[in-house]
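Q: I would like to go through this model step by step. Could we begin with the overall make-up and then turn to details?

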Amino acid sequence: MIMRDVTSDGRTPGVAGFLSRRRVLRLAGGGLALAALTAGAVGCDEDAVDVEEPGSAGGDAPGGDGGKETGASVDGKGRAPEPLWTKPTSAETYGDNDELVAAGGVVIASGSPLAALDAATGGQKWSLPGGAVPGAPLLIGEDTLYLASSEYDGSVIGYHPASGKETWRSRLGKEYRQPRPIAVDGEQVYVIAEILEDDGSSKTNVIAALNSTTGRVAWKEQRDVGTEQNGIHAAVRGRHLVYTDFKKNLTVRDTSGGGQVWTHKTTKTNYGFFTVHQDLVVVPQGNVLQAFNLTDGKEKWTLEASDGALFREPAVLEDVLYVADSARVMRAVDPRTGKPLWKSEALADAGLQVPRQYVKAGDTLYGATDLDKQGGIIAMDARTGAVRWTFNDKTGDYHAWLVATDGKRVFALHGKKLHALPV
């Protein structure tokens, strides 16, 4: 979903640069068919250095039949642990961060059919024949998995993650098409849908809140003409719903009634990626990282990258903001003040790609990269940024890596393969 650096925007030589069409499609139209995409749809940088990742796990991962958790830990030489299990999946992902989730003892990758695998063994626990709507997120809230209906009947459905049983259902109304959940909190599920015209076309869209107990519509607000219902990234913090779209609008609404609190027309928002912490939303904008107050949109702090580097996707995990830039410099930042806690060039020193998604387990930060040639899953010391190991399945698949964790295992999805790694 991100257009990666090319040499004209300050990319460090040797870093793979490309336009990931699969991720752009996630923004431009989640329902588009994937058949038009082939391996040739992604053009690799011919100048990229072919680096053998230190400690990468090559070939087919052992433990493919599941069973006992016998994966080896890091051996002290920087080699990645062996997977606990590796399973083929029906994954149909666009490289977005909400297409792989772990909850209720299972791990689920977006696809058709939608299959939940036992986190410990990789065995299938349940599946939904219709699967997930392409481009729609997998949202977990209050022990419920929320999905847009694969029947395209205007429903949003909640399932129990551990069993796959339907526990909740709601419809926005016949005058709306393809409602998709974008965020969830303890009381409401937030959706965006097209508003139908008399001739069946749609020029505008609506954002709405559905009560997560009754399924009733709590509120709905028509969005401005020119806004898009695709490419939405959203998060909820207290009374504030924060979201971006492909038009580079950063908007905050009041969750109690849907009224717009403020909106900014940002210039370079990394195609919509942001993170939130307490009363702040942190947005990468080119070579600066900006934090705005959720209540009024005023700037709280700004952090600049060095040497014209561009900030990538940020993440706040356990009250620490982690972010890398296009020069492959990794930072840990106090999200309240913008003060750096540490700065590391270990990614550049190891010739690795910049992570675009992060999870944390114990004192290890796990980052997932785009294409697998110089990346995969990178394990870093969360206290210093030092690279501990890199896991790569060596398939050459052009899909982005996705990562999730249940605190006991780290799940790595790459194309049609799902690996479980010990933490």
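Q: How many helices and strands does the chain have?
A: The chain has two helices and 32 strands. Please keep in mind that this is a predicted model.

Q: And how much of the chain is buried?
A: Of the 423 residues, 58% count as buried. The accessible surface of the chain is about 16900 Å², and carbon and sulfur atoms account for 47% of that surface.

Q: What share of the contacts join residues at least 24 apart?
A: That share is 46%, taken among contacts between residues at least 6 apart in sequence.

Q: Turning to sheets: in what order do the strands of the open sheet with S1 run?
A: The order is S1-S32-S31-S30, four strands with antiparallel pairing. Strand S1 (85–88) and strand S30 (401–405) are the edge strands, each pairing on one side only. From one strand to the next, the twist averages 20°.

Q: How many bridges join S1 and S32?
A: Four bridges join S1 to strand S32, which covers residues 417–422, in the antiparallel sense. Threonine 86, for instance, has histidine 419 in S32 as its bridge partner.

Q: What about S14 and S15, how do they pair?
A: Strand S14 (residues 233–237) and strand S15 (residues 240–244) are antiparallel and share five bridges. Alanine 235 is bridged to valine 242 in S15. The hairpin of these strands has two residues between them, and glycine 238 takes a positive phi near 60° there.

Q: New topic. Which residues have the most contacts inside the largest nonpolar core?
A: They are Tyr322, Met330, Leu347, Tyr358, Leu365 and Met380, in a core of 16 residues. The elements that give two or more residues to this core are strand S22 (315–317), strand S23 (320–324), strand S24 (330–333) and strand S28 (377–381). S23 supplies the largest share, three residues.

Q: Is there a general tendency behind such a core, and what is it?
A: In soluble globular proteins, nonpolar side chains tend to be buried together.

Q: Which residues does tyrosine 322 contact?
A: Leaving aside neighbours within four places in sequence, its contacts include Met330, Trp342, Tyr358 and Leu365, as well as Glu313, Arg331 and Lys360.

Q: Why does tyrosine 322 count as buried or exposed?
A: Tyrosine 322 counts as buried because its relative accessibility is 2%, and the cut-off for buried is under 20%.

Q: How many aromatic pairs are there in the whole structure?
A: The search finds seven. In one of them, the rings of tyrosine 322 and tryptophan 342 have centres 6.3 Å apart and planes at 50°, so the pair is tilted. Tyrosine 322 lies in strand S23 and tryptophan 342 in strand S25 (residues 340–344), so this pair ties together parts 20 residues apart in sequence. Tryptophan 342 counts as buried, at 12% relative accessibility.

Q: And how are the rings of tyrosine 366 and tryptophan 389 placed?
A: Their centres are 6.0 Å apart and their planes are at 55°, so this pair is tilted. Tyrosine 366 belongs to strand S27 (residues 364–368) and tryptophan 389 to strand S29 (residues 387–391), so parts 23 residues apart in sequence are tied together. Tyrosine 366 is buried, with a relative accessible area of 3%, and tryptophan 389 is buried, with 4%.

Q: Last one: where does lysine 298 lie?
A: Lysine 298 lies in the loop between strand S20 (288–293) and strand S21 (299–304). At 55% relative accessibility, lysine 298 counts as exposed. Not counting residues up to four places away in sequence, lysine 298 touches Ala291, Phe292 and Asn293.

Note on methods. Residues are numbered from 1 along each chain as its sequence is written. This is a predicted model: local features need pLDDT of at least 70, side-chain atom pairs count only at pLDDT 80 or more; totals for chains, interfaces and linings use all residues. Side-chain values use heavy atoms; hydrogens and water are left out. Two strands pair if DSSP finds at least two bridges between them. Axes are lines fitted to C-alpha atoms, for helices over the stretch in contact, and angles run from 0 to 180 degrees between N-to-C directions. A nonpolar core is a set of buried Ala, Val, Leu, Ile, Met, Phe, Trp, Tyr and Cys residues joined through side-chain atoms within 4.5 Å. Buried means under 20% relative accessible area, exposed over 50%, partly exposed in between (1.4 Å probe, protein chains only). Contact means heavy atoms within 4.5 Å. Accessible areas come from the Shrake-Rupley method with a 1.4 Å probe; for residues, only the protein chains shown count as cover. Rings of Phe, Tyr and Trp (its six-membered ring) pair if their centres lie within 6.5 Å; planes under 30 degrees apart count as stacked, over 60 as edge-to-face and the rest as tilted.
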